[in-house]
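The following account leads the reader through one protein chain, from its charged pairs to its helices and its overall make-up. Please keep the sequence and the structure in view while reading.

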Amino acid sequence: MGVLSNKIDREQLNPGDHIYSWRQAYIYAHHGIYVGDGMVIHFTRGAGQEIGTGTVLDRLLVSSSPSYDADNPCPKCGDQSKSDGVISSCLDCFLAGGNLYLFEYGVSPALFLAKTRGGTCTLKAADPSEDVLHRASFLLENGFGGYNIFRNNCEDFAIYCKTGLLVFTSISVGRSGQAASYLAAASTVVSTPLRFMTNSFGGLALVGYGLYCVGRLMSDIGMRRDVSKVPVERLIASPGLDEPEKTAEMAKED
């Protein structure tokens, strides 16, 4: 792995690894936890429900569910094209024809900013593999709340499995590096103070990129202060994981 790519070979995988694969010409990535024996536990929505808005956006982002269907089911997983929630799939179904990448934990701020695309690494260190596997297996049996592409998505699931951390504020967008980078980019584009900082196009681009980097860095779960460690068993006792006010109540009780 390097600054430009986190791509790895299957032989390099270890149980408890947070892996991902890019979808739709690198528009977004699907994340999961490798649990060994060629299997991955991940959080998804059924085909055509990736966003769940009922708009054309649902068709632009193809479902992260495995691509096999009822007419040509995977010999190992069966038909999971309509699967919803936390599921277990073989590595081939999880990748859906894409390449394999490893999400990095405990990176330095310099490396984090060098990887300009969100959803590839975090400053936060990961917990031991046995804790990661316990959370993933527990959530496979009990669920991870309602899927929400901005507040409770597949990357959020994998990051929780790796760290046990939940965001407990309604002022931000989940734990997802992808969502945070999109928000940072959008905020930079519409930021009116930019035009007062410089008169040149190059200067404007530099200031804009700087604001984007700061936004990404401050949204990273390794930098945030609006997070709390929540035992996985508590999630079942507190339904509504995708609702910020519910996770805030859980955080206050810890």
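A salt bridge is a side-chain nitrogen of Lys or Arg lying within 4 Å of a carboxyl oxygen of Asp or Glu. The model examined here is a predicted one. Under this criterion, Asp-127 and Arg-135 form a salt bridge, with their closest N and O atoms 2.7 Å apart. Are these two partners buried or exposed? A residue counts as buried when its relative accessible area is under 20%. Asp-127, at 17% relative accessibility, is therefore buried, and Arg-135, with a relative accessible area of 10%, is buried as well. The pair also belongs to a wider arrangement, since a network of salt bridges links Asp-127, Arg-135 and Lys-229.

The chain contains 5 salt bridges in total. One of them joins the side chains of Asp-92 and Arg-10, with a distance of 2.6 Å from N to O. Asp-92 belongs to helix α2 (residues 91-95), whereas Arg-10 is in the segment before β1 (18-23), so this salt bridge ties together parts that are 82 residues apart in sequence. Both partners are partly exposed: Asp-92 has a relative accessibility of 43%, and Arg-10 one of 40%. A further salt bridge connects Asp-226 with Arg-224, whose closest N and O atoms are 2.9 Å apart. Here Asp-226 is buried at a relative accessible area of 18%, and Arg-224 is buried at 9%.

Arg-135 leads on to the helices, for this residue of α4 is among those that meet α5. Two packed helices are described by the angle between their axes and the distance between the axes. For helix α4 (residues 129-142) and helix α5 (residues 154-163), the axes come within 7 Å and cross at roughly 135 degrees. The two helices are therefore oblique to each other. On the α4 side, the residues in contact are Asp-131, Val-132, Arg-135, Ala-136 and Leu-139; on the α5 side they are Phe-157, Tyr-160, Cys-161, Lys-162 and Thr-163. Sorted by class, this contact comprises 6 nonpolar, 1 polar and 3 charged residues.

These details belong to a chain with 10 helices and 7 strands. Of its 254 residues, 50% are buried. Among the contacts with a separation of 6 or more, 64% are between residues 24 or more positions apart. The chain exposes about 12,100 Å², of which carbon and sulfur atoms supply 57%.

Methods:
Residues are numbered from 1 along each chain as its sequence is written. This is a predicted model: local features need pLDDT of at least 70, side-chain atom pairs count only at pLDDT 80 or more; totals for chains, interfaces and linings use all residues. Side-chain values use heavy atoms; hydrogens and water are left out. Axes are lines fitted to C-alpha atoms, for helices over the stretch in contact, and angles run from 0 to 180 degrees between N-to-C directions. Helices (H or I, at least four residues) and strands (E, at least two) are DSSP runs, numbered from the N terminus. Angles under 35 degrees count as roughly parallel, over 145 as roughly antiparallel, 65 to 115 as roughly perpendicular and the rest as oblique. Contact means heavy atoms within 4.5 Å. Ala, Val, Leu, Ile, Met, Phe, Trp, Tyr, Cys and Pro count as nonpolar, Asp, Glu, Lys and Arg as charged, and the others, Gly among them, as polar. Buried means under 20% relative accessible area, exposed over 50%, partly exposed in between (1.4 Å probe, protein chains only). Accessible areas come from the Shrake-Rupley method with a 1.4 Å probe; for residues, only the protein chains shown count as cover.
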